[in-house]
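Please walk me through this structure stop by stop. I have it open in a viewer and want to know what to select next and what is there.

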Amino acid sequence: MKVKAISRSTDEFTRERSNDLQRVFRNYDPNLRPQEKAVEYVRALNAAKLEKIFGRPFVGAMEHNEAISCMAKNPNHLKGIFAGSEDGDIRLWDITSRRTVRKFPGHRGAVRGLTASTDGSRLVSCGADCIIRRWTVPVEDSSDDSVKPEDFHISKNAYWGVDHQWKGDQFATVGAQVDIWNHTSNAPVRSFQWGTDTVISVRFNPGHPDLLATSASDRSITLYDVKTTIPIKKLIMQTKTNSIAWNPMEPMNFTAANEDGNCYSYDLRKLNEATMVHTDHAAAVMDIDYSPTGREFVTGSYDRTVRIFRYNGGHSREIYHTSRMQRVFCIKFSCDASYVISGSDDYNLRLWKAMASEQLGVLLPREKKRHEYDEALKNRYKHLPEVKRILRHRHLPLPIYKAAALRRTMTEAARKKEERRKAHSAPGSISTKPLRKRRIVKEVE
Amino acid sequence: MRNLLYNLQGKTAKPRDENVPSDDDEDEDEDGDLMDNGGNKLEDSHDEIEEDDDGRHVRMLEGITGMPSEAFEGKKKKNNVVISEAYPESEYNPTRDVLDGDGRISMEDLLGTLQKKPGFGKLRKIMDQMKKSEAIEAPLPTVIREKMERQAAYKISKKDMAKWEPQVKRNREAPTIYFDEDTDLGFSTVGAIASEFEPRTEFEKKMASLVYDDDVMEAHKKDGSRLLELNQVSVEDEKERHNRIAKMRSLLFRHEMKAKHIKKIKSKTYHRLLKKDRLKTAAALTEMDPEAAKEQAMKQEFKRAEERMTLKHKNTSKWATRILQRGLQVQDEEEEDEVPDSGILSLPFMERGLKKRKEAAEEEAKLALQEYEVSMKQLDDPSGAENSKIKASSGRRVFGAAKICAPESRDVIKTDNFYANSDSDDDMEAKENIFDVGKDGSSDMQKDVHVDSVLPNEFHQDSVFKSFDDIVRDPGPKTTYDVAIFASDKWRKMESRNKVDANSKKSPVAVEPEYNQDLQEPVKEVGENSDTESEGQMVDGIISLDPKPTYELPSQTELIRQAFAGDDVEEDFENDKQEILNEENPEPEKPVLLPGWGQWTRVQKKKGLPSWMLKEHENAKRKREEALKKRKDAHLKHVIISEKLDKKAEKLLTKTLPYPFTSKEVFEQSIRMPIGPEFNPATAVGALNRPAVVKKPGVIIKPIEFKEVNPHENKEDHKWSGQKQKMKKSKSDGSIPRKKMKKAEGKSKKVN
């Protein structure tokens, strides 16, 4: 007769080293834990509450002597950020210590555009004093504090913006016209002009480096290819576009920050309608920057707030404000997608966490797992009323709250009016344009 | 030369130019052609008019003469060419041939004059080439040309974008996108990092120049013996250093010993002297250097002020403030009878209680003392007992005292009884009085206990006997009872016949409306089952039980009537329903006339209730009726479906179907399985909880780079297939999205 005995190899339940955790065996039979869903719901609720408790996004501020007008991140160096202000001051900030590392004196008027080359060794600035200056960014620890420009170029018109190509040696300046420059040459390699209005912003496509988009004060968004001698396409909207950002992970998509307080995402190939309209700001959106992950973008607005949107979300996921922050003129997502830097009218550069309740510093694996679990739970139960209420709640300063409410009322009233008009006219005589098309005036070829 | 060529080109192109609508041509023909063009146009129009006139003339002639129009043609031509030669033939007055059209100036004519000039051969060659080729089309206007170019360029860049599509699509559809994979964190060891170090600042450079000294480096490269040589130190130097260190050490030691010794000295005089000494030196110092002394004094003063500032010297401690307030003596007195200031014992009723208890205790003590005295006196002299008797029977106090004495012992009672039985003298009356109550009580209790123990037994036995007797004597009623039970079982059968339910009255069953339908079915099934059991069988069974064959079975309806003779179930149910309806949609309150409220009293008296009140009441009534009509159970006579909301359950339900989900089932499925580490094996938890974006803080994320992606490959490297995939699959089910996830919670009562 064969005797059956329970046999286990010792490897299964003993640890190899004394530091190892003891292995715990569990029975995963769901009948043993009938309350699992209820337990997880409560955990999700607690996670949502904890998120609120730990939601302290503001990290620190860095001060200039005038309103910040533009910023540039160093694509090769995480903690370096260049900021230019209205008094012509350009500084390199170390955002870990929040100290000025270097000053770039020279501009007489407001600095309007700043950009750094992909390797972070060169900086280009331009401003209202009609000068483009090129700088070599010194290595970190050299002793002298301020830097002299490598060379400069004076033109007849003021410059409004500059952007550097990703992984190339070309950069584009805008103002009266769009100029493409080379680091080696002293005159523009190429110039584009389409229409007579001032071009106010420019952005190269990081995924597809030959492509660039500009926006002009004639309410247009124009696309260019640096390889050709002519512009490609122009789109005219009802209101001015203040800034443009390309999605770094989806080269065909870009989002335009509009004067009407909305952001419009477009597919390059289909400009007759926006793929998404991102609403929430109560005033004009001044600047926009995509997260390097391509999954969200941050906007700074004239209503004194910073908002973070999902790339496919109609409403913002997060709003940042402080009582002292004034109009936000420029905004950047850090290169590791975990910080947001805003520059505003109150002379300050502000550093925010991209996830308000994220734990900073090195996490233990256990902590990391726990955070992941909490996130997953929140994501799972976010539709249930209690969790939703907590997750969606944001405390807003009264003026902003009121402005947003007013805006809502206005859009609602307009919608109602149109509805009524439609109801009282012959069927089919009035057609409602979807919001995605409504603000587009025309596409120019 | 070039100019010439251009002109030629312009001339050859002219005939075509005229065909093109002439609005955009200006830019092209710049030198002189413009004029030409305009001139031509004028001529053209003139010609046309003339031609028109001629046509009319010919037609007129035709009409008059009846001859064909050809006959007049030649004439017309001739007429047309007639020109009086008033001027000599010249550039401005060409010959007849020229006007006729056959004598045009050709290229050859012009070239003929150039013959024998240098470069003529070349020019002729070009001319020949031009003759062979067709006329070149004029370039389009810039605006149109640029537009077309832009269109082409846009098309190309659109096409370029298409190459990104598979990559972008894959990223979008992936449940998790990773940004931490190819991170090069550089060197892992300190040595590797150090080897890469380059001196940048001056200090670093100095250090480097020392470290990377040629001699040293060379020595390093060789076997290292040279390194030892470089390190060599002379014997004298080493000795001197050693001595120096030893001296220092001994000095330190001695100083330490001395300090220890001084510290141990307890003599007051010594210390006084020491202090004096110190003061003296200080004074000397002040004399020597008054400024330093002043500074020192300032420092001291500042220190003292700082110390005074501290809370230590402000008497802010609880004890100090209290003592300051009330003086030192108060403290001792208060300690004696302390009533705590705070806590439960400070509450007023507790205070009162304490006081009462204290009084009671005092009284007790007094009584005890008295008793003690009485007993002592009794022992001494029996006549004293009367006093005690008077005192004892004179009121409540005695009673209370007696009560306290009661639990002393049972022996006392016994002795008491004994005394009572034996009718002993009055001496013990007092005691009897005292213990009367106790005795009575105990005897009563005993009785009770007895009765209690007897009664149930009797009843029980009685009932048992009775039932036995009954059964034996008269089995008839018993059987009817049984039948009644069976019959009451049958009520389910009656469901379809709309008959009365007996059970429902006793236990109204609450069922949520969502499950209502599901529940109805099983009930019906049960009913059917019971239907299938034939009545006859049951009846047979009962008959077999019946010992008397003469017993006639009552009819079914009669049985039921008998069974429910007393209670009107239907009405009860209706009442119940009405109650629930009233609870959920309460009847509006009748308007009440409040004198002076809403109108002057005399007006009120005349007119009664104001009309708006009545109207409001009417409205409320109507609303209620409408609400009642709208109820689901409005037309179901025997059913109550509660429409009351369950607030606790509401928290766990969404109002509408959340956005990405297309059906209720899919949404419910998505949150069905738990994801926690307690409910899943460790290998699965990571995948279940993985966030949509995995990134490392501090790692720079670069923009997308083009990679060939096979769109048909299986993109899931990870075992876990995310919720997204599941959602997509279930989308194809085509189930209709339900807007309302949750309807009103409810209770249902079913009759029949």
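**Loops in chain A**

Start by selecting A:Tyr347, which is partly exposed, with a relative accessible area of 33%. Keep in mind throughout that this is a predicted model. A:Tyr347 sits in the loop between β27 (339-344) and β28 (348-353) of chain A. Check its backbone: phi is positive, about 70°, although the residue is not a glycine.

Next, go to A:Lys167. This residue lies in the loop between β10 (161-164) and β11 (170-174) of chain A. Its phi is also positive, near 60°, and again the residue is other than glycine. Is A:Lys167 buried or exposed? A:Lys167 is exposed, because its relative accessible area of 56% is over the 50% cut-off.

**Chain A as a whole**

Now show chain A as a cartoon. You should find 6 helices and 29 strands. Colour by accessibility next: of the 445 residues of chain A, 50% count as buried. For the contacts, take pairs in chain A at least 6 apart in sequence. Of these contacts, 50% join residues at least 24 apart.

**Aromatic rings**

Switch on the side chains of Phe, Tyr and Trp. Over all chains, the count comes to 13 aromatic pairs. One of them joins A:Tyr290 and A:Phe297. Their ring centres are 5.2 Å apart, with 55° between the planes, and the pair is tilted. Why is this pair called tilted? The angle of 55° lies between the 30 degrees that limits stacked pairs and the 60 degrees above which pairs are edge-to-face, so the pair counts as tilted.

Stay on these two residues and check their accessibility. A:Tyr290 is buried, at a relative accessible area of 5%. A:Phe297 is buried too, at 0%. Both values fall under 20%, so both residues count as buried.

Then select A:Phe58, A:Tyr320 and A:Trp352 together. Ring pairs link these three into a cluster.

**Where chain B meets chain A**

Bring both chains into view and select the contact. Chain B gives 58 residues to it, and chain A gives 58 residues. Between them the two chains bury about 5300 Å², with 62% of that area on carbon and sulfur atoms. On chain B, pick out B:Arg150, B:Tyr154 and B:Met161. These residues lose the most area to chain A, together 14% of what that side buries.

Look at the charged side chains next. How many salt bridges does the rule find across the interface of chain B and chain A? It finds 5 salt bridges. To see a salt bridge, select B:Arg172 and A:Glu250: their side chains meet at 2.8 Å, N to O. For polar contacts, the rule finds 17 residue pairs across the interface, both residues at pLDDT 80 or more.

Which elements give two or more residues to the side of chain B that touches chain A? They are α7 (142-162), α8 (165-173) and α32 (664-670) of chain B. Highlight α7(B), which gives the largest share of that side, 12 residues. Colour the residues of this side by type: 29 are nonpolar, 11 polar and 18 charged.

**Last stop: a helix in chain B**

Finish at B:Leu688, which is found in helix α33 (residues 682-688) of chain B. B:Leu688 is partly exposed, with a relative accessible area of 23%. Add B:Pro674 to the selection and draw a line between the two C-alpha atoms. B:Leu688 and B:Pro674 are 14 residues apart in sequence and 9.3 Å apart in space.

Technical notes
Residues are numbered from 1 along each chain as its sequence is written. Chains are lettered from A and ligands numbered from 1 in the order in which they are written. Side-chain values use heavy atoms; hydrogens and water are left out. Contact means heavy atoms within 4.5 Å. Buried area is the accessible area (1.4 Å probe) that two parts lose on being put together, summed over both. A salt bridge is a side-chain nitrogen of Lys or Arg within 4 Å of a carboxyl oxygen of Asp or Glu. A polar contact is a pair of N or O atoms within 3.5 Å; within protein, one must be able to donate a hydrogen and the other to accept it, and residues adjacent in sequence count only if both atoms are side-chain atoms. Helices (H or I, at least four residues) and strands (E, at least two) are DSSP runs, numbered from the N terminus. Ala, Val, Leu, Ile, Met, Phe, Trp, Tyr, Cys and Pro count as nonpolar, Asp, Glu, Lys and Arg as charged, and the others, Gly among them, as polar. Rings of Phe, Tyr and Trp (its six-membered ring) pair if their centres lie within 6.5 Å; planes under 30 degrees apart count as stacked, over 60 as edge-to-face and the rest as tilted. Buried means under 20% relative accessible area, exposed over 50%, partly exposed in between (1.4 Å probe, protein chains only).
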